[in-house]
2 protein chains.
Amino acid sequence: MADDTSANPTSFVMHPRPDIDACAAGHCEPDPRVERTRAAITDAAGTLLRADGPDAVTHATVASAANVSRTTAYKHYPTRAALLRAAIESMDKHEFGDFEFGDDLATDLRNIFMEFVANLSDVEQSKLMATMMLQALHDAALAEVRDEFMAELRPVISDAFRHAIERGELRADLDLELAWRTISGSLVFTRFLTSDPVNAEFLDRVIDYFISVNAP
Amino acid sequence: MADDTSANPTSFVMHPRPDIDACAAGHCEPDPRVERTRAAITDAAGTLLRADGPDAVTHATVASAANVSRTTAYKHYPTRAALLRAAIESMDKHEFGDFEFGDDLATDLRNIFMEFVANLSDVEQSKLMATMMLQALHDAALAEVRDEFMAELRPVISDAFRHAIERGELRADLDLELAWRTISGSLVFTRFLTSDPVNAEFLDRVIDYFISVNAP
DNA sequence: GATATAGTGGACGAAGTGTTCATTAGTGGA
DNA sequence: TCCACTAATGAACACTTCGTCCACTATATC
């Protein structure tokens with residue numbers, strides 16, 4: 001099916017525009033129509049996911065909520081899995097690049113986990129997170145999204161621990177890997193496997209327990 | 001529509017049978033047909049949930065897998081939520097009534113969490129658990145199921161802690177509530193929010209860390 | 001065997017899914 | 001400003017799934 005290059009010279013591809021898939025891949029002068037449409041779709045998908053759960057995220061509902069035709073939704077996200085992934089990726093992940101460490105560990109941990117806890121205490125955001133956890137079990141691409149999400153958190157916590165060790169707040173032989181899993185885990189476990197509230201108060205309790213137990 | 005009691009005496013309700021809903025409620029001489037059908041449906045639903053995830057659990061698929069007519073599936077579980085709940089309840093929850101405590105905490109914890117970890121390291125069982133966590137956010141009835149599931153685990157762990165305290169393996173002022181959340185949480189968090197494996201080795205690491213940190 | 005309920009399977013309209021296609025709208029280069 | 005090109009549209013399509021209904025058969029108890 002290769003085009004015959006000896007065809008009518010006026011039929012040259014003179015103004016090639018990047019197509020949808022090329023833009024999705026990343027580097028290409030973006031067509032504003034594509035950007036607009038994609039943003040509308042991902043926003044709508046995320047909102048629907050938070051509000052009504054994963055079952056509510058279909059091409060039809062999303063297209064309607066995004067004021068976009070159903071056909072377009074299929075063009076951008078051919079499968080339901082891709083649509084769901086887009087919805088989950090719409091989650092605003094906190095950037096810790098500019099995090100400023102304070103003078104004591106408790107304050108640092110409170111600041112770091114504040115937003116995490118806020119997400120957990122919000123039912124809609126929790127639905128989104130639980131959906132991510134569930135889907136990541138099937139969907140390798142989504143598992144990567146999840147890992148990137150967590151990759152934001154971990155180095156900041158590790159740094160906080162290191163500072164605390166330097167200050168003598170924590171024992172020097174602390175297992176950093178287990179330490180951060182302990183704190184995050186207490187929050188996640190309590191949110192998703194118990195009926196107990198996960199709020200600032202509980203976070204404080206977890207942090208205090210952690211510090212008291214890991215003091216030198 | 002009250003029956004006229006003066007009607008033909010042979011038309012008395014002579015052999016009233018309990019209906020489906022009464023049996024579902026619990027106490028009633030169970031109709032073997034109902035028991036058989038229910039078991040077939042819940043088994044099939046659980047298997048489907050584990051194998052293909054919650055989206056695969058519909059009245060049609062379950063009925064087909066259970067060799068039961070679609071109509072019957074609707075009769076027993078009128079909504080999809082009810083069907084999913086049945087699937088999740090089919091999870092065999094370990095009974096700890098007969099648990100025998102040993103002479104050291106590490107062994108006790110290993111034995112207690114062994115099955116929990118086995119579930120987490122199995123992808124299918126993990127799907128079931130993640131579905132439970134997600135659905136419990138919408139479905140109050142399912143939240144209760146989840147709590148009952150956890151209620152099996154907690155007292156055994158608390159007892160293990162208490163024995164350990166008596167033996168001098170743990171500090172006496174240990175916060176039991178946070179302690180068990182710490183261990184369970186490390187496992188759950190690592191399973192559902194990281195790509196790292198949760199296996200016997202990891203469990204040992206968690207337990208060793210916990211004990212070393214909470215020693216008197 | 002009489003009687004009552006559970007389970008069956010076909011049929012149904014309604015709704016949803018995934019695709020195609022001719023048409024319209026919006027974009028950037030000439 | 002015009003033009004070539006692609007994105008987006010919406011109507012139409014065959015197809016599947018959903019939930020419900022009903023006459024009928026199977027099975028359990030007395």
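This is a short tour of a predicted model, going from the meeting of chains A and B to some helices of chain B.

**The two chains together**

Begin with both chains in view and superpose chain B on chain A, which takes a rotation of 180° with 0.0 Å of shift along its axis and leaves an RMSD of 0.0 Å. That is the relation of a two-fold axis. To find where this axis runs, select Gly185(B), whose C-alpha, at 1.9 Å, comes closest to the rotation axis of the residues of chain B.

**The side of chain B that touches chain A**

Next, select the residues through which the chains meet: 33 residues of chain B are in contact with 33 residues of chain A. The elements of chain B that give two or more residues to this side are helix H7 (123-135), helix H8 (140-167), helix H9 (176-193) and helix H10 (200-214), and the largest share, 11 residues, comes from H9(B). If you colour this side of chain B by class, you will find 15 nonpolar, 12 polar and six charged residues. The same surface serves both copies, since 100% of the contact residues of chain B recur in chain A.

**H9 against H9**

Now keep only residues 176-193 of chain A, which form H9(A), together with H9(B), and look at how they cross: the two helices pack at an angle of about 90°, with their axes 6 Å apart. An angle from 65 to 115 degrees counts as roughly perpendicular, and H9(A) is therefore roughly perpendicular to H9(B). Among the residues that make this contact are Leu178(A), Arg181(A), Gly185(A), Phe189(A) and Leu193(A) on H9(A), and Leu178(B), Arg181(B), Gly185(B), Phe189(B) and Leu193(B) on H9(B). By class, the contact of H9(A) with H9(B) has eight nonpolar, 10 polar and two charged residues.

**H7 of chain B**

Move on to H7(B), and set a distance between the C-alpha atoms at its ends, which are 18 Å apart; this agrees with the span of 18 Å that its 13 residues should have at 1.5 Å a residue. Then select the run from Lys127(B), Leu128(B) and Met129(B) through Ala130(B), Thr131(B) and Met132(B) to Met133(B), Leu134(B) and Gln135(B), for these residues of H7(B) are buried.

**H5 of chain B**

Finish at helix H5 of chain B, residues 80-89, where the buried residues are Leu83(B), Leu84(B), Arg85(B), Ala86(B), Ala87(B) and Ile88(B). To see what covers them, bring back the surrounding elements of chain B, which include helix H2 (32-52), helix H3 (59-65), H7 and H8.

Methods: Residues are numbered from 1 along each chain as its sequence is written. Chains are lettered from A and ligands numbered from 1 in the order in which they are written. This is a predicted model: local features need pLDDT of at least 70, side-chain atom pairs count only at pLDDT 80 or more; totals for chains, interfaces and linings use all residues. Two residues are in contact if their C-beta atoms, placed from the backbone, lie within 7 Å. Helices (H or I, at least four residues) and strands (E, at least two) are DSSP runs, numbered from the N terminus. Ala, Val, Leu, Ile, Met, Phe, Trp, Tyr, Cys and Pro count as nonpolar, Asp, Glu, Lys and Arg as charged, and the others, Gly among them, as polar. The expected span of a helix is 1.5 Å times one less than its number of residues. A residue is buried if 20 or more other C-beta atoms lie within 10 Å of its own, exposed if 12 or fewer, and partly exposed in between; C-beta atoms are placed from the backbone. Axes are lines fitted to C-alpha atoms, for helices over the stretch in contact, and angles run from 0 to 180 degrees between N-to-C directions. Angles under 35 degrees count as roughly parallel, over 145 as roughly antiparallel, 65 to 115 as roughly perpendicular and the rest as oblique. Copies are superposed by least squares on the C-alpha atoms of residues with pLDDT of at least 70 in both.
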